[in-house]
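Let's take a walk through this protein together, going from the chain as a whole to its cores, one helix and the spaces left inside. Keep the viewer open and turn the model as you read.

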Amino acid sequence: MNWQRSRSTTVLNLFSRSIYLIVICQGFNLPNPSLILPTKTLFFYSNTQWSITHRPSHSRLYGVIGNRPIPDGGGDADEDASAEMFETFSELGLEGSVIDNRPINDDGGSGSNPYNNPYLNKLPLPLRNQGIPIDEDSSSDEGSDYEVAFDDEWVHEESTRLRKTNFALFKCNEEFCDREQVDDMQIKYKGSAASQVMLIWNEPPRSCLVLLKHNDPALRPAFVRAVKYLLEEKGLAVFAEDYVAEDLQKTEKLPLRPFARGQPVDFAVTMGGDGLLMYANSLFPEAAPPVLCFNMGSLGFLTPFSYQDFKFEVDTLMLGHVMLSLRMRLQCAIHRAGAVVAQYNVLNEVVIDRGSSPYLSNIEAFCDNLHLTTVQADGIIIATPTGSTAYSMSAGGSIMHPSVPAILFTPICPHSLSFRPVIFPDSAVLRCEVNPGARHGASVAFDGKRGSMLEPGDALEVRMSFYPVPTVCKQDHTRDWFVSLDRGLNFNQRQKQKPLDEDLKNQKGKFWL
């Protein structure tokens, strides 16, 4: 007996004059096995269906595994090979599948139902064969003749047709892949992981939330004009924060409605800076409406619209056919003594640092329950692509397009020469635990707000939120992003190098001072 085993393929080849067995499987899970018994019966599984046929015992068989030819061992083998093979059947869980080259039923009786193998019935339902009935005459005593002839030339011709075996792709949670597809046995993507999204209303919007930058009285007149336009000319139900709605109801007699956290509205308008967008994010723990951001703050990296165009931009949004940027959020949970004590959603980043302690942070970092590293640094930043141009960039992290599905892991002043920023896929689940032996706890902040302390033994778990924040684009998500990089950060701006003088070019590389 010749036994070969690898991570993805197990081949059992018993070189016997009477029986050969060849098995291909993933581990021992047999998602698409091929069983070949070449004395009387050729029994195989292909294209999601079982079939059975017969061939003369004298012809030479080229076994087909995954539709690839594998020559039989040839020559004589020990008569005990058959006994060893059936012992191997027991090891593989295939006992009772074949007796004297004939398939049998689960109850041990002779029959012709090879797809009733109890081992194969353990496979996930999408991977089980959809077996076809086999005629009762398919099992026969030794020496019977069959109309189907398998001569050496035919078997060789069929076995050398290198066709790829059918297969399917499933996510690890047993769901069908929505981006990856199998077309003609070839794996390919249906499209890019992220693409530009357009908003089209199925019916006119009826409500909106208007947010004003806090502690800036100079913006109040502009806010009042905006609210009046939305109420009187657009006929919308306008919501505002409690204290704002109460103030304008008394002073301006405007019928504003107080907004409750998480209340559904058709869209939101922010009149401030990037911080106001962070605040708007905190008002929607789950699904957030499209947000139209007017730049009335300082930097305005995430606010592409000018208040001078307020009416035009609102009209455009309400008509639809506007581009959106779906900004990923992070769902953060603080674990203490095995229980979740607090949860937050962040649009930019969550930061764990040493706070006011003079000692380095001592944090154990994990990715998908795999220990990643021990963070001995001022802290660690876990950021979204939107937050890649904020604190993470200042700490040396990569700048990332807002539609890239990824999570940034950026150390703050690590006491190591080899601790570099890491980018994880958005499917990663990150966990940071304060080492029980740490000299001090750690401070954690969410989008720069709501700081709290992590004591030794506490943990912070971070994963992608399934609810993004859709912001309205002025042009599209790429053009808006580059405009913000140029305007807000002066991205890669330097004086251009002067061209060479024509006379110097003719010197053929000979230059002088």
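**From the whole chain to its inner spaces**

Of the 513 residues in the protein chain, 42% are buried. Please keep in mind that this is a predicted model. The chain holds nine helices and 29 strands. Looking at contacts between residues at least 6 apart in sequence, 59% join residues at least 24 apart.

A good place to begin is the largest nonpolar core, which has 36 residues. Those touching the most other members are Phe223, Leu230, Val238, Leu256, Met271, Leu292 and Phe310. Which elements supply at least two residues each to this core? They are strand E12 (207-212), H3, E13, H4, strand E15 (267-272), strand E16 (291-295), helix H6 (310-319) and E17. H3 has the largest share, with eight residues. Try selecting Met271 and displaying its neighbours: leaving aside residues up to four places away in sequence, Met271 touches Val210, Leu211, Leu212, Lys213, Leu219, Ala222, Phe223, Ala226, Leu276, Phe294, Met296 and Tyr307. Another core, of 30 residues, lies apart from the largest one, and its members include Ala342, Ile352, Phe419 and Val444.

Now zoom in on helix H4, which spans residues 242-251 and has Val244, Ala245 and Leu248 buried. Viewed down the axis of H4, the buried residues fall within an arc of 95°, so they line one face of the helix. And what covers them? The cover includes helix H3 (220-233), strand E13 (237-240) and strand E14 (257-258). Following H4 comes Lys253, which has a positive phi, near 55°.

Next, let's turn to empty space. Rolling a probe the size of a water molecule over the atoms shows where such space is left. Searching the whole structure gives five cavities of 30 Å³ or more. The largest cavity has a volume of about 140 Å³. Its lining consists of 14 residues, and Phe301, Leu302, Pro304, Arg327 and Asp480 lie nearest the centre. Strand E17 (322-327), strand E29 (469-472) and helix H8 (477-489) are the elements that give two or more residues to this lining. H8 contributes the largest share, four residues. By class, the lining of the largest cavity has seven nonpolar, five polar and two charged residues. E17 is thus a strand to revisit: E17 helps line the largest cavity, and E17 also supplies at least two residues of the largest nonpolar core.

The second largest cavity holds about 60 Å³ of space. Among the 13 residues lining this second cavity, Leu360, Ser361, Asn362, His440 and Gly441 are the closest to its centre. Strand E21, residues 361-367, gives the most to the lining, with three residues. The lining of the second largest cavity divides into six nonpolar, five polar and two charged residues.

Let's finish at Lys449, a residue of strand E27 (residues 449-454). Is Lys449 buried or exposed? Lys449 has a relative accessible area of 55%, and a residue counts as exposed over 50%, so Lys449 is exposed. Pick out Val346 as well: Lys449 and Val346 are 103 residues apart along the chain, and their C-alpha atoms are separated by 9.9 Å.

Conventions: Residues are numbered from 1 along each chain as its sequence is written. This is a predicted model: local features need pLDDT of at least 70, side-chain atom pairs count only at pLDDT 80 or more; totals for chains, interfaces and linings use all residues. Side-chain values use heavy atoms; hydrogens and water are left out. Buried means under 20% relative accessible area, exposed over 50%, partly exposed in between (1.4 Å probe, protein chains only). The arc is that of the directions from the helix axis to the C-beta atoms. Contact means heavy atoms within 4.5 Å. On a 1 Å grid over the protein atoms alone, a cavity is a set of points where a 1.4 Å probe fits but cannot get out, and a pocket is an open set with protein on both sides within 12 Å along at least five of seven lines; lining residues have an atom within 4 Å of a point. Grid points are joined across faces, edges and corners, and a volume is the space filled by probe spheres set on the points. Ala, Val, Leu, Ile, Met, Phe, Trp, Tyr, Cys and Pro count as nonpolar, Asp, Glu, Lys and Arg as charged, and the others, Gly among them, as polar. A nonpolar core is a set of buried Ala, Val, Leu, Ile, Met, Phe, Trp, Tyr and Cys residues joined through side-chain atoms within 4.5 Å.
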